[in-house]
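Got a protein and its ligand on screen and wondering where the labels come from? Let's go through them one by one.

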Amino acid sequence: MARPEPGLTLIGGGRMGSALAGGWIKSGYEGPISIHDPKPSDLLTEWQAAGHIALNPDPTPAATLVIAVKPQVYPDILGAIRALVGPDTLVLSIMAGVTLDALARDVGTRRVARAMPNTPGLVGEGMTLLCPPADASDEDTAYLHDLLTPLGAVEGPIGEDQISAATAISGCGPAYAFLLAEVMAAAGRAHGLDEGLALRLARKTVQGAGVLMMDSEDPPSRLRENVTSPGGVTKAALDVLMRDGAMPSLMEEAVGAAIRRDRELSGE
Ligand SMILES: NC(=O)c1ccc[n+]([C@@H]2O[C@H](COP(=O)([O-])OP(=O)(O)OC[C@H]3O[C@@H](n4cnc5c(N)ncnc54)[C@H](OP(=O)(O)O)[C@@H]3O)[C@@H](O)[C@H]2O)c1
């Protein structure tokens, strides 16, 4: 199958949908972009006024349809979605918990794929998982990979059997990192630091460690060792966090719980 025809239709112009569309516009996407959203934001209205998008045009089958509504809304708007799907439409869903089989059945084509972004995608620093069906064409997969790049890095194709575990790392992971900053700040306060200072130190440290990690060839374990001199201050703290494997086993258990919940919500 050839590369999909140019032309993008987005249903759901909320946070993620707008982050994607903003990137398509900025990169000078070659085809027309239509966005369907019953209560368009000021940003969508501005894009329409500037001629970047068609906002809520009459529904016609899309070349590529991107579904970015909340999963709770999805069952109620299947009729509107089907009006945007024709025999050649390529459908990408970024909704959590809607499986490829359910999507294909609901929209009436096997030419579907799902993606799982994460919240740093809102600032272009995301990690998005792309999960096409096993028989997807390389052209469709490559095209969808490109379409997702406004959100940041894209991993895939990932098999649907891996999506729950991958989601438990990158989809839920920002919350783990926020929790780390939160508990670091709380510990600083508990040990006498001013609240604002403790929070500033924790936020900047988590961000700086992330940037350093991405800038380095070394794995995180080596970077950790590099700041942990024998008998030193950091070592004293890490000895507590790693006592009896506490932090690794807690994280493994937490990720296991996320995987189970993701599978329950996906009806598996
Ligand atoms: N944010 C994340 O980190 C993240 C991560 C992974 C996956 N996702 C998935 O991404 C999807 C979008 O998330 P989001 O954070 O961007 O949510 P959001 O900001 O609530 O965006 C959803 C948009 O869909 C609009 N909408 C509601 N009914 C509609 C209809 N009938 N037709 C067209 N549009 C309609 C909403 O409008 P109203 O606001 O007026 O209702 C809103 O603008 C969700 O399925 C979510 O599971 C998000």
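Here are some questions and answers on what the labels rest on.

Q: What kind of model is this?
A: It's a predicted model. The protein chain has eleven helices and eight strands, and its C-alpha trace spans about 65 × 40 × 35 Å along the principal axes.

Q: What makes the pair between Asp 37 and the ligand a polar contact?
A: A polar side-chain atom of Asp 37 lies 2.8 Å from an oxygen atom of the ligand. The cut-off is 3.5 Å for a pair of N or O atoms, so this pair counts.

Q: Why do Ala 96 and Thr 119 get the polar contact label too?
A: For Ala 96, a backbone N or O atom lies 3.2 Å from an oxygen atom of the ligand. For Thr 119, a backbone N or O atom is 3.4 Å from a ligand oxygen. Both values are within 3.5 Å, so both pairs qualify.

Q: How much of the ligand does the protein bury?
A: Taken alone, the ligand exposes 880 Å², and the protein buries 77% of that.

Q: How do you know that the ligand sits in a pocket?
A: The test is that more than half of its atoms lie within 2 Å of the pocket's grid points. The ligand sits in the second largest pocket, so it passes that test.

Q: Which residues around the ligand come nearest, and how does the shell divide?
A: Of the 23 residues around it, Arg 15, Met 16, Asp 37, Val 69 and Thr 119 come nearest. The shell splits into 13 nonpolar, six polar and four charged residues.

Note on methods
Residues are numbered from 1 along each chain as its sequence is written. This is a predicted model: local features need pLDDT of at least 70, side-chain atom pairs count only at pLDDT 80 or more; totals for chains, interfaces and linings use all residues. Side-chain values use heavy atoms; hydrogens and water are left out. A residue is near a molecule or strand if one of its heavy atoms lies within 4 Å of it. A polar contact is a pair of N or O atoms within 3.5 Å; within protein, one must be able to donate a hydrogen and the other to accept it, and residues adjacent in sequence count only if both atoms are side-chain atoms. Accessible areas come from the Shrake-Rupley method with a 1.4 Å probe; for residues, only the protein chains shown count as cover. On a 1 Å grid over the protein atoms alone, a cavity is a set of points where a 1.4 Å probe fits but cannot get out, and a pocket is an open set with protein on both sides within 12 Å along at least five of seven lines; lining residues have an atom within 4 Å of a point. Ala, Val, Leu, Ile, Met, Phe, Trp, Tyr, Cys and Pro count as nonpolar, Asp, Glu, Lys and Arg as charged, and the others, Gly among them, as polar. Helices (H or I, at least four residues) and strands (E, at least two) are DSSP runs, numbered from the N terminus.
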